[in-house]
Amino acid sequence: MGKPSRSTLATWLSDLEVDRLERVLAARPDAVSPPEPRSFGELADRLQRPASVAAVLPGLALPHLQVAEALAALGPVPCAALADLLDATGTESTRGLDAALEALADRALVWPDGEGLLRMAAPLRQAWDSPLGLDAPLTRLLADTTSEELRRMLVALGIPSPGTTKKHRLTALLEHHGNPERVAALITSAPASTRKLLERRASHQGEQAQSPTRLITFRAPSADSEAGARWALERGLLVQDRSSGYGSTRMPAEVALALRGVGWHAPFEPVPPAVRTASVTSAEVDREAAAAATAFAAHAASVLATCSAAPPVLLKSGGVGARELSRISKAAQCDDIVVRLVLETAYDAGLLARDGDRVAATDGYDTWAEREPAEQLTALLHTWRTLPLTPAQARDEDGKVLPALAGTPPCGGCVQAREGLLAAAAGFPAHRGVHSPAELGPMAAWHRPLAEQLPQDTTPFATAIREAELLGVVARGCLSPIGAALRADDPEMLTAACERLLPAATRAARFGADLTAVVTGTPSARLAALLDTVADKEVGGTASVWRFSPTTVRHALDTGRTADAIAADLGAVAVGALPQPLLYLINDSARTHGRVRIAPAACVIHGEEAAHLAELVTHRKLAALGLRVLAPTVLVSRTPLDKTLAALRAAGYAPVAEGADGTVRVERIRRRRAAAPVPVTPLPGQRQRPVPTVTQMTPVTVDLSTLAARLRAAPPTLPAPDPFGTGVPYGTDTEEIVAAYAKNLAYSDVRQLAHAVDVGTAITVEYVAASGNRTVRILSELVLDPPYLYAWCHLRDDERVFTLSRIHGIMPG
């Protein structure tokens with residue numbers, strides 16, 4: 001990991017070779033986004049921003065977090081001391097510790113200094129209130145203690161005072177308490193009440209050190225109310241907490257570790273959990289992945305074709321509700337989870353867009369629909385890989401059904417859930433896979449312990465695993481070629497895998513004597529459009545079935561096509577000759593079609609057969625039309641043309657409509673299209689998302705090698721930013737970040753908000769919602785994630801997301 005001469009991050013970065021510096025820059029794309037850093041000092045400042053460090057944590061595996069938590073508990077220590085605490089003495093655990101430190105160093109979270117100590121970014125230490133269930137080290141707890149108080153502690157311990165200064169006395173006390181054997185012997189000689197108190201406090205803290213994601217604080221009651229506390233306070237085994245103002249006490253980390261004993265070690269799991277595996281061949285994986293991907297591509301085409309023909313209506317509260325989802329599911333012949341997955345990925349890919357109160361297909365969809373199934377699936381897979389939500393999430397924490405396309409805030413943990421799943425599925429030896437896909441969940445949790453787990457999941461990451469199976473990313477319990485290409489983030493490799501596994505679009509159908517047309521695989525857009533105009537689709541998926549009837553053929557004739565044209569079009573896509581029953585149906589429908597014509601008057605009905613028109617006048621179901629005979633071959637109706645036309649067809653007749661000039665009116669269905677422009681590169685319909693969040697980790701587009709070389713040649717530091725031209729820079733990085741997004745706040749309010757974020761205090765904000773309503777909220781537990789502020793809202797008694805640009809005022813909490 002290198003041996004720089006000093007301990008600062010900027011100096012360590014400047015001592016790295018270009019290739020190693022490139023790895024750091026690639027692992028932290030948020031630090032090299034424009035404007036690019038101009039010096040190692042500026043780069044170090046960006047890397048140590050609290051929001052930047054917090055964005056990196058969800059992408060760490062469990063051993064990385066465990067090592068970081070242990071280092072946060074110990075402070076700067078040699079690697080040997082860290083290995084001893086983690087019990088990393090075996091070959092495998094030692095290798096795991098080295099790999100974890102290497103991964104943390106690549107992200108500039110941990111680095112070695114020239115004195116042989118491991119140091120970490122300050123915001124990373126603040127990720128845990130009590131790492132490993134330990135309080136702060138003795139040095140920090142005694143920072144406000146006077147020299148006289150230190151002298152009395154040394155006297156109580158029987159240690160001669162080494163001098164009269166606070167520094168000398170503190171050094172002597174630290175030397176004594178830094179020896180676990182001395183501390184253990186001292187506690188053995190303590191009164192029974194003191195011993196019980198200290199052991200209880202150390203044991204309680206140890207029980208809490210179970211998860212690196214928990215934020216733990218420990219405070220004891222007043223010293224006077226705890227038996228034996230005074231004896232411990234006099235000897236520095238407990239320290240008075242003066243910052244709280246309530247007389248509580250805190251136990252130094254050195255004392256807690258001594259009480260836990262030399263046999264206690266921090267949790268460290270350098271290898272993933274063991275799961276049952278089974279033998280599987282590459283051919284079996286390819287076969288299952290191809291079947292799943294082919295079925296999903298066919299379902300996606302059906303779902304989007306349904307949305308193109310009848311755009312789903314949005315709820316007043318936003319999103320596509322359960323009723324519309326059920327309609328689409330029934331029309332496309334697929335499950336609700338597939339419909340949600342298609343809608344979310346297609347919307348993010350720009351194939352769908354909001355158009356008023358509906359979600360309509362865009363021009364990008366028309367281009368996408370003409371592509372081969374492999375290219376269609378590739379576009380949706382690209383979107384699924386980085387989609388900042390879980391498309392198949394159907395229920396919230398209360399079990400209520402969630403609408404699709406509801407516009408929820410970006411979820412970086414959802415992206416990390418897929419990252420963990422891909423990493424887990426790729427971790428098996430060749431020709432091995434898990435017995436059950438559910439066993440991938442614990443492994444995914446090991447790779448991404450901070451990833452989002454949905455309330456609806458009965459097993460870890462069940463929804464994400466199901467999505468991966470439907471897309472053909474995971475097959476037979478291991479990563480498929482499609483999944484391997486996604487994990488490698490290689491578009492060319494993904495395109496090649498899809499083209500190899502998915503068959504080309506089917507351009508021919510088999511017509512049966514039972515008036516059905518069967519298409520195996522995914523039908524081409526032209527074939528599907530042809531069959532949709534002449535028949536009703538009954539089954540979709542890997543094999544689709546359309547059924548012909550007099551009604552469907554009449555619909556085709558209503559569009560102005562003749563019987564010969566319909567038969568010719570179907571014959572051109574038929575495997576073999578068209579069966580006679582289908583030809584009879586087309587010809588019989590054509591013979592009766594147009595025997596009655598309707599002209600607008602309000603309206604006029606005329607035909608060549610007087611008896612046929614006389615039958616219409618006496619028909620009971622048509623009495624409401626108010627038909628009247630004007631001539632043997634001419635009737636007039638009191639009902640407008642369109643309603644008369646619909647009533648006659650409902651009664652079993654086959655009329656056609658005429659225009660005012662007496663020509664047949666051709667009925668064509670106009671597809672609704674959204675007006676939103678959609679980019680066409682790199683894939684048809686692909687679009688960029690609005691303002692990416694830090695947690696999305698947008699890929700770096702800069703030349704990292706050039707940037708690394710330029711940084712090597714740059715000065716170590718640059719002048720601090722001068723936002724107001726007064727020579728006064730921002731006080732902290734947080735102030736600079738808040739000022740960049742909270743445009744409606746004065747600088748004094750920016751400083752107050754940044755201070756609340758850094759210190760963790762509550763604030764009161766004046767907030768303007770999207771509806772225009774102005775509210776005042778008390779917020780606490782602030783987490784900055786530009787352009788959003790995550791906080792606990794005391795008004796709603798729940799966690800809420802606030803847009804920084806909508807905050808108009810700040811007041812103390």
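A residue counts as buried when its relative accessible area is under 20%, and as exposed when that area is over 50%. The exercises below apply to a predicted model.

**Exercise 1. Is proline 37 buried or exposed, and which residues does proline 37 touch?**

Solution. Start with the position: proline 37 sits in the loop that connects helix H2 (18–27) with helix H3 (40–47). Next, take the relative accessible area, which is 2% for proline 37. The cut-off for buried is under 20%, so proline 37 is buried. Then list the contacts, leaving out residues up to four places away in sequence: Ala31, Val32, Glu42, Leu43, Arg46, Leu707 and Leu711. Finally, consider Leu711 from that list: 674 residues separate proline 37 and leucine 711 along the chain, while their C-alpha atoms are 7.8 Å apart.

**Exercise 2. In what order do the strands E1, E2 and E3 form a sheet, and which of them stand at the edges?**

Solution. The order is E1-E3-E2, in an open sheet with antiparallel pairing. Strand E1 (77–78) and strand E2 (110–112) each have a single partner strand and stand at the edges, so each has one side without a neighbour in the sheet. Now look at the pairing of E1 with strand E3 (residues 117–120): the two run antiparallel and are joined by two bridges. Within this pair, valine 77 is opposite leucine 118 of E3. Last, add the helix: H5 (residues 62–74) lies across E1, E2 and E3, and runs at about 105 degrees to E3.

**Exercise 3. Which residues of helix H31 are buried, and why do they line one face of the helix?**

Solution. Helix H31 covers residues 641–650, and its buried residues are Leu641, Thr644, Leu645 and Leu648. Viewed down the axis of H31, these buried residues fall within an arc of 100 degrees, so they line one face. The general rule behind this is that an α-helix has 3.6 residues a turn, so residues three or four places apart point the same way. The face turned away from the buried side of H31 carries Lys643 and Ala650, which are exposed. After H31 comes glycine 652, with a positive phi near 105 degrees.

**Exercise 4. How many disulfides does a search of the whole structure find, and which cysteines form a disulfide?**

Solution. The search finds one disulfide. A disulfide is a covalent bond between the sulfur atoms of two cysteines. Here the partners are cysteine 411 and cysteine 414, with sulfur atoms 2.5 Å apart. The cut-off is within 2.5 Å. The angle about the S-S bond is 85 degrees, and the link is right-handed. Both cysteine 411 and cysteine 414 are buried. Two further cysteines can be checked for burial: cysteine 498 is buried at a relative accessible area of 0%, and cysteine 793 is buried at 0%.

**Exercise 5. Where is threonine 345, and which residues does threonine 345 touch?**

Solution. Threonine 345 belongs to helix H18 (residues 336–348). Its relative accessible area is 2%, so threonine 345 is buried. Residues up to four places away in sequence are again left out, and the contacts are then Leu380, Thr383, Trp384 and Leu387.

**Exercise 6. What percentage of the 813 residues in the chain is buried?**

Solution. Buried residues make up 48% of the chain. The exposed surface of the chain is about 37600 Å², with 53% of it supplied by carbon and sulfur atoms. In secondary structure, the chain has 34 helices and 25 strands.

How values were computed:
Residues numbered from 1 in each chain as written. Predicted model: local features only at pLDDT ≥ 70, side-chain atom pairs only at ≥ 80, totals over all residues. Heavy atoms only, no water. Pairing = 2+ DSSP bridges. Helix = DSSP H or I, 4+ residues; strand = E, 2+ residues; numbered from the N terminus. Contact = heavy atoms within 4.5 Å. Axes fitted to C-alpha atoms, helices over the stretch in contact; angles between N-to-C directions. Buried < 20%, exposed > 50% of the residue type's maximum accessible area, 1.4 Å probe, protein only. Areas by Shrake-Rupley, 256 points an atom, 1.4 Å probe, with all protein chains shown as cover. Arc of directions from axis to C-beta.
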